2 protein chains.
Amino acid sequence: MGPAKVKAREEFARYLQENGLKGSQQRSHILESFLSMPPHLSAEELHRQVATVDEGIGLSTIYRTLRLLCDAGLAKQRHFQEGRSCFEQAFEHHHHDHLICVSCGRIEEFICEEIETRQDQVADQHGFTLTHHRLDLYGHCADCKPE
Amino acid sequence: MGPAKVKAREEFARYLQENGLKGSQQRSHILESFLSMPPHLSAEELHRQVATVDEGIGLSTIYRTLRLLCDAGLAKQRHFQEGRSCFEQAFEHHHHDHLICVSCGRIEEFICEEIETRQDQVADQHGFTLTHHRLDLYGHCADCKPE
DNA sequence: GTGAGTGCAAATGGTTTGCACCAAC
DNA sequence: GTTGGTGCAAACCATTTGCACTCAC
């Protein structure tokens with residue numbers, strides 16, 4: 001169990017504390033599952049995982065807690081596919097962009113300073129002040145290459 | 001009326017022809033409205049515009065025709081905001097990325113060869129073969145700058 | 001006249017919400 | 001014991017679809 005996860009737990013507890021929110025068994029189970037899973041997952045996937053520990057937990061609670069985690073800065077909501085959210089572990093993560101395999105769904109992260117710089121230049125040329133951006137590269141990963 | 005629009009009409013007729021599809025008053029009205037409007041619009045916006053010419057036209061017909069236009073290569077479906085599609089005029093358009101104003105919704109297009117090149121390099125380093133990508137820059141445009 | 005196109009209403013599906021009940025502080 | 005949390009079912013909402021009818025070829 002890495003120190004990042006310990007810190008994430010503390011962070012969540014602190015967030016609840018500071019906002020006059022309560023803890024609960026469900027929230028603990030959801031957080032633990034979230035921390036133990038791959039860094040990118042859907043609400044549905046998280047729900048299935050949590051169900052192995054707590055059968056009766058509702059999907060709405062998953063969504064509500066996921067929103068809490070986003071507000072607390074521990075998760076980030078992404079939209080790699082239309083009509084379905086992907087939640088990403090955000091604690092101790094710096095900015096990065098994504099490579100998404102269109103065959104198997106594998107997601108890899110990267111960051112390219114050159115691209116970041118160019119984006120700022122482009123925005124500048126158009127008189128825009130950037131708030132955020134989204135760069136997703138879609139393709140076939142090494143394992144899914146057609147022969 | 002630019003030559004691009006004339007070509008777009010011919011292209012659509014040809015597409016229908018080649019695929020054993022029929023023309024209709026509705027399809028003509030929708031195409032004309034689509035060509036006369038700004039290059040980025042929602043199905044709803046197109047529907048409202050078409051309604052000024054043909055009151056009774058259904059929203060489903062708008063969607064069905066929009067899909068046809070995409071298939072014919074005259075439109076491209078984008079997803080700048082979650083849960084709402086944006087359709088873009090695609091005839092005589094080359095590849096480009098977008099700047100989106102988070103205040104007024106204005107959309108500007110740009111292309112940066114340097115970024116394109118870097119994307120290929122990044123994909124290569126990760127063993128990916130790119131099929132497509134999505135680069136959206138969000139921010140405040142010149143007119144919406146906070147003083 | 002036949003197969004495709006249309007309008008309408010109903011379905012879809014991921015996500016959110018209203019509400020009565022339950023539990024953490 | 002008060003206030004927030006939970007599960008369930010119903011609501012959302014852009015988009016799609018089933019169906020009976022109409023129109024283009």
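Copies are superposed here by least squares on the C-alpha atoms of residues with pLDDT of at least 70 in both. This is a predicted model, in which local features need pLDDT of at least 70, side-chain atom pairs count only at pLDDT 80 or more, and totals for chains, interfaces and linings use all residues. Residues are numbered from 1 along each chain as its sequence is written, chains are lettered from A and ligands numbered from 1 in the order in which they are written, and side-chain values use heavy atoms, with hydrogens and water left out.

**Both protein chains**

Select chains A and B. A rotation of 180° with 0.0 Å of shift along its axis places chain A on chain B, with an RMSD of 0.1 Å. That relation is the one of a two-fold axis. To find the axis from chain A, go to Leu135(A): its C-alpha is the nearest of that chain, 2.2 Å away. The copies meet through the same surface, because 100% of the interface residues of chain A are also interface residues in chain B.

**Strand S3 of chain B**

Next, select residues 84-89 of chain B, which form strand S3 (strands are DSSP runs of E, at least two residues; helices are runs of H or I, at least four; both are numbered from the N terminus). Of its 6 residues, 5 are buried, meaning under 20% relative accessible area with a 1.4 Å probe, protein chains only.

Add S1(B), residues 40-41, which runs antiparallel to S3(B) and is joined to it by 2 bridges; two strands pair if DSSP finds at least two bridges between them. Leu41(B) has Phe87(B) as its bridge partner in S3(B). Then add S2(B), residues 75-81, also antiparallel to S3(B), with 5 bridges. Here Lys76(B) is partnered by Glu88(B). In the hairpin of S2(B) and S3(B), 2 residues lie between the strands, and Gly83(B) takes a positive phi near 75°.

**DNA strand D**

Now show DNA strand D with the 21 residues that surround it, a residue being near if one of its heavy atoms lies within 4 Å. Lys22(A), Ser24(A), Arg27(A), Thr61(A) and Tyr63(B) are the closest. H4(B) gives the largest share of this surface, 4 residues.

Finally, display three pairs of N or O atoms that fall within the 3.5 Å limit for a polar contact:

- Gly58(A): a backbone N or O atom, 3.0 Å from a phosphate oxygen of strand D.
- Ser85(B): a backbone N or O atom, 2.6 Å from a phosphate oxygen of strand D.
- Arg64(A): a side-chain N or O atom, 2.8 Å from a base nitrogen of strand D.

Notes:
Buried means under 20% relative accessible area, exposed over 50%, partly exposed in between (1.4 Å probe, protein chains only). A polar contact is a pair of N or O atoms within 3.5 Å; within protein, one must be able to donate a hydrogen and the other to accept it, and residues adjacent in sequence count only if both atoms are side-chain atoms. Contact means heavy atoms within 4.5 Å.
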